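Biologist: I'm new to this one, so could you take me through a single part up close, starting from one loop and working outwards to the helices?

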Amino acid sequence: MGFFGALLLGSSARSAATDHASALSLYDRPALVPERPLSVYHLGHSLVGRDMPAMLAQLAGNGHDYQSQLGWGTSLKEHWGPIEGINGFDVENDHPRYRDAASAVESGDYDSIVVTEMVEIRSAIAYHDSANYLARWAERAHSARNDVNVYLYETWPEITDPEGWLERVDLDLTRYWEQQILLPAAAKSGHPIYVIPGGQALAAVVRAVIERGGVDGVTRVEDFFALAPDGSQDAVHFNDLGAYVIALTHYAVLYQRDPSGLPYQLNKAGGSAAVSPGPALAELMQATVWRVVNAYPKTGLPNLP
């Protein structure tokens, strides 16, 4: 590398560090505590799904409202473009809670906008310009409504990842979700983009279950993930138990409330009963989610005991 190449590289690194520092300063003040039921918009894919937002609504109680736009493995960039570029659009949005993403975010109707990036997160960063499109969605939301809260829902890699699932979840939060997506996007948008730490919460629950040698018949990470129609293990999609953990995490962040004592026998979006955790497992899930949410400063919660 020549002198000018080194100079440019050094300048780029200093610029990135400055952007990260300015982004971090946006989180000095926590988000306002909601004083009424929220209206929430979900933008994403099957790690949002239909059942998890329906579970969240049941946890939140009367008055909570939500809509969504989903796809199959859809990136933030693909959601920004025409719907013809969203795989599985017709199937995933064939339900009463669908609302077009652009019109929804631009409407100002929502207290909270929750978006997520596609899996694999490395591919999203490399090929789908994740930070730029997160910033675009945040800017679109804040242009419509100054007091809206925008959240990035952190997910997870496949449980078969050769680096190790728990190891990936631990490392990916900083090296990918924060450093390469969240902080550059927050710096560009000029607003804090809070985090719903779904991967962190799910990993913490898995660890807690394993440390106890199993709880209510649940013993391993696979017990939180779905089975494919042929009975084989799905490596990335949650089952009802996993969906409950993620719904609890959304509730704890969006409402800034301890989920301990909330119901754990819930229904799916279509009205059928979800598979419920046992009482001991539900208690563990709720306590673990609250611990994780409070330990992570970018959720927008104040530092609570």
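Modeller: Sure, let's begin with D161, which sits in the loop between β4 (149-154) and α8. (Helices here are DSSP runs of H or I with at least four residues, strands are runs of E with at least two, and both are numbered from the N terminus.) Bear in mind that this is a predicted model, where local features need pLDDT of at least 70, side-chain atom pairs count only at pLDDT 80 or more, and totals for chains, interfaces and linings use all residues. Residues are numbered from 1 along each chain as its sequence is written, and side-chain values use heavy atoms, with hydrogens and water left out.

D161 counts as buried because its relative accessible area is 16%; buried means under 20%, exposed over 50%, and partly exposed in between, using a 1.4 Å probe and protein chains only. Leaving aside residues up to four places away in sequence, D161 touches E120 and R168, where contact means heavy atoms within 4.5 Å. With R168 there's a polar contact between the two side chains, at 2.7 Å. (A polar contact is a pair of N or O atoms within 3.5 Å; within protein, one must be able to donate a hydrogen and the other to accept it, and residues adjacent in sequence count only if both atoms are side-chain atoms.)

Now for α8 itself. Two packed helices are described by the angle between their axes and the distance between the axes. Helix α7 (residues 130-144) and helix α8 (residues 165-189) have axes that come within 8 Å and cross at roughly 45°. Those axes are lines fitted to C-alpha atoms, for helices over the stretch in contact, with angles running from 0 to 180 degrees between N-to-C directions. That angle makes α7 oblique to α8, since under 35 degrees counts as roughly parallel, over 145 as roughly antiparallel, 65 to 115 as roughly perpendicular and the rest as oblique. On the α7 side, the contact involves S130, A131, N132, L134, A135, A138 and E139, while α8 brings Q180, I181, L182, P184, A185, K188 and S189. Sorted by type, they come out as 8 nonpolar, 4 polar and 2 charged. (Ala, Val, Leu, Ile, Met, Phe, Trp, Tyr, Cys and Pro count as nonpolar, Asp, Glu, Lys and Arg as charged, and the others, Gly among them, as polar.)

Next come α9 and α10, whose axes come within 9 Å and cross at roughly 125°. That makes α9 oblique to α10. Here G198, A201, L202 and V205 of α9 meet G242, V245, I246 and T249 of α10, and this set divides into 5 nonpolar, 3 polar and no charged.

G242 has another partner too: its backbone nitrogen lies 3.0 Å from a polar atom of the N239 side chain. N239 is in the loop between β7 and α10, and its side chain also reaches the backbone oxygen of D223 at 2.8 Å. Not counting residues up to four places away in sequence, N239 touches D223, F224, F225 and A226.

Finally, α10 (240-255) leads us to α2, whose buried residues pack against it and against β1 (39-43), β2 (65-69) and β7 (233-238). Helix α2 (residues 51-60) is mostly covered, with 8 of its 10 residues buried. Those are M52, P53, A54, M55, L56, A57, L59 and A60. Right after α2 comes G61, with a positive phi near 90°.
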